[in-house]
Amino acid sequence: MDRDTEQLNLLAIFHYVVAGLAALFSFFPLLYTTIGVIFIFAARHVTAKPGEDLPPEFLGWIFAVLGSVLFLIAIVMAICILIAGRSLALRKRYSFVLVMACIECLFVPFGTILGVFTIVVLSRESVKALFSAAQTPD
């Protein structure tokens with residue numbers, strides 16, 4: 001196995017690992033959603049003691065919507081990283097993998113390391129040839 005193929009296979013495996021970590025961490029925004037639902041429930045069903053104020057219902061909606069949106073964005077990102085890893089393994093979707101590598105650089109520290117290494121490997125002409133060879137029918 002030549003060096004480019006070996007590095008692309010390793011990058012694919014590391015993309016799978018980072019996708020799993022991203023999927024795991026994507027569940028943390030659901031804590032905001034839970035807090036928002038608790039605020040909404042408290043505003044609708046709990047009576048305040050004298051001298052206490054309950055959190056307003058709109059604050060609960062802000063937390064719930066924000067947490068849900070962040071969760072969806074994080075899950076979509078994890079799925080895109082997974083697709084990028086599969087694309088690396090199959091030597092397909094060169095542009096998609098390159099764009100995902102650039103986006104991964106925003107996620108410190110693992111995404112940055114993986115993104116930079118992916119960009120370096122993908123910038124080689126021999127790797128571009130591997131991707132274009134996989135695209136052409138035999």
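Helix axes here are lines fitted to C-alpha atoms over the stretch in contact, and their angles run from 0 to 180 degrees between N-to-C directions. With that in place, I turn to the structure, which is a predicted model.

Let me begin with a pair of helices. The axes of helix α3, residues 57–90, and helix α4, residues 94–104, approach to within 9 Å and cross at roughly 135°. How are α3 and α4 oriented to each other? An angle over 145 degrees would count as roughly antiparallel, and one from 65 to 115 as roughly perpendicular; α3 and α4 are therefore oblique to each other. As for handedness, the crossing of these two helices, α3 and α4, is left-handed.

I now come to the loop between α3 and α4. Arg91 is located in this loop, and its phi is positive, about 60°, although Arg91 is not a glycine. Arg93 is found in the loop between α3 and α4 as well, with a positive phi near 55°. Most residues other than glycine have a negative phi. Is Arg91 buried or exposed? Arg91 has a relative accessible area of 11%, and it is buried because the cut-off for that class is under 20%. Arg93, by contrast, has 45% relative accessibility and counts as partly exposed.

A further backbone feature is found in the loop between α4 and α5, the latter spanning 110–122, where Pro109 lies. The peptide bond from Val108 to Pro109 is cis, with omega near -5°. Most peptide bonds are trans.

Another proline deserves mention. Pro56 sits in the loop between α2, residues 30–45, and α3. Its relative accessible area is 37%, so Pro56 is classed as partly exposed. Pro56 and Ile113 are 57 residues apart along the chain, and 43 Å separates their C-alpha atoms.

Finally, I turn to the surface. Which residues form the nonpolar patch? They are Leu10, Ile13, Phe14, Tyr16, Val17 and Leu82, and together they have about 520 Å² of accessible area. Helix α1, residues 3–25, supplies the largest share of this patch, with 5 residues. Leu82, however, belongs to helix α3. Why can Leu82 be part of a patch? Patch residues need over 30% relative accessible area, and Leu82 has 43%, so it passes that cut-off while being partly exposed.

To close, I return to α3: this helix contains Leu82 of the nonpolar patch, and α3 also crosses α4 at roughly 135°.

Terms used. Residues are numbered from 1 along each chain as its sequence is written. This is a predicted model: local features need pLDDT of at least 70, side-chain atom pairs count only at pLDDT 80 or more; totals for chains, interfaces and linings use all residues. Side-chain values use heavy atoms; hydrogens and water are left out. Patches are made of residues with over 30% relative accessible area and no salt bridge: like charges are joined within 9 Å, nonpolar side chains (Val, Leu, Ile, Met, Phe, Trp, Tyr) within 5 Å. Accessible areas come from the Shrake-Rupley method with a 1.4 Å probe; for residues, only the protein chains shown count as cover. A salt bridge is a side-chain nitrogen of Lys or Arg within 4 Å of a carboxyl oxygen of Asp or Glu. Helices (H or I, at least four residues) and strands (E, at least two) are DSSP runs, numbered from the N terminus. Buried means under 20% relative accessible area, exposed over 50%, partly exposed in between (1.4 Å probe, protein chains only). Angles under 35 degrees count as roughly parallel, over 145 as roughly antiparallel, 65 to 115 as roughly perpendicular and the rest as oblique. A crossing is left-handed if the near helix is turned anticlockwise from the far one by less than a right angle, and right-handed if clockwise.
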